[in-house]
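Biologist: I should like to go through this model with you, from one helix to the whole chain. Please give the reasoning behind each answer.

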Amino acid sequence: MHLKLKIAPVLVLVGFMGSGKSTAGRLLAERLGWSFLDLDEEIERRAGKAVTQIFEQEGESRFRQLEHEALVEQLQLSRNGRPRVLAVGGGAFVEARNQQQLEMGGISIWLDCPVETLWERVSRESHRPLAQRREDFERLYRERLPHYQRADFTLPAGAAEPLEVVEAILKLPLF
């Protein structure tokens, strides 16, 4: 693992919506002195509209294409000597083409949270297009779970505070 981090200094936080990827990612990047990027925020910046608008106006497949393009670009930047922490959307790691890119150029860390905790965190938020109904939310979680389990590392993050997640990441055999 040490060699991989030296070759591709990018840590990619993956997991279902509400798992704390963006919050922990910002803190982790700060601790490491690296750049941080929330991939959904980058997509919104590029598209000039919110993720929910992209889903509504252009569909999920267009969003997934924008997501893939942004991920490839960020991995390329890390290969050019710009270490970074990326927080990717809940569906990014499910896409086979994104997993392939990450296998070649990043270390994935799954922030594992129980579905009940995730629902509690996101059910009050209106900006999540795939979190409107609990039954659909739980079904999507179950569908994505086997993909998340393929991450390079898994950290239980359900009850952990963001700083505890960061400390756990820093203890991984990467540094």
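Biologist: Which residues are exposed on the other side of helix α6?

Modeller: This is a predicted model, and exposed here means over 50% relative accessible area. Helix α6 covers residues 96-105, with Asn-98, Gln-99, Gln-101, Leu-102 and Gly-105 buried. These buried residues cover an arc of only 160 degrees around the axis, which puts them on the same side of α6. The exposed residues on the other side of α6 are Ala-96, Gln-100, Glu-103 and Met-104.

Biologist: In what pattern do the helices and strands follow one another along the sequence?

Modeller: The chain contains nine helices and five strands. Read along the sequence, their pattern is α-β-α-β-α-α-α-β-α-β-α-α-β-α.

Biologist: What is the radius of gyration of the chain, and why does it agree with a compact globule?

Modeller: The C-alpha trace spans about 40 × 35 × 25 Å along its principal axes. For 175 residues, a compact globule would have a radius of gyration near 16 Å, so the value for the chain agrees: 15 Å.

Biologist: What share of the contacts with a separation of 6 or more joins residues 24 or more positions apart?

Modeller: A contact requires heavy atoms within 4.5 Å. Among contacts in the chain with a separation of 6 or more, the share from residues 24 or more positions apart is 75%.

Biologist: How far apart do the centres of the positive and negative side chains lie?

Modeller: The chain exposes about 8,600 Å², of which carbon and sulfur atoms supply 49%. It has 24 positive and 26 negative side chains, and the centres of the two sets are separated by 4 Å.

Terms used:
Residues numbered from 1 in each chain as written. Predicted model: local features only at pLDDT ≥ 70, side-chain atom pairs only at ≥ 80, totals over all residues. Heavy atoms only, no water. Helix = DSSP H or I, 4+ residues; strand = E, 2+ residues; numbered from the N terminus. Rg over C-alpha atoms; globule rule 2.2 N^0.38 Å. Areas by Shrake-Rupley, 256 points an atom, 1.4 Å probe, with all protein chains shown as cover. Lys, Arg positive; Asp, Glu negative; His and termini not counted. Charge placed at Lys NZ, Arg CZ, Asp CG, Glu CD. Buried < 20%, exposed > 50% of the residue type's maximum accessible area, 1.4 Å probe, protein only. Arc of directions from axis to C-beta.
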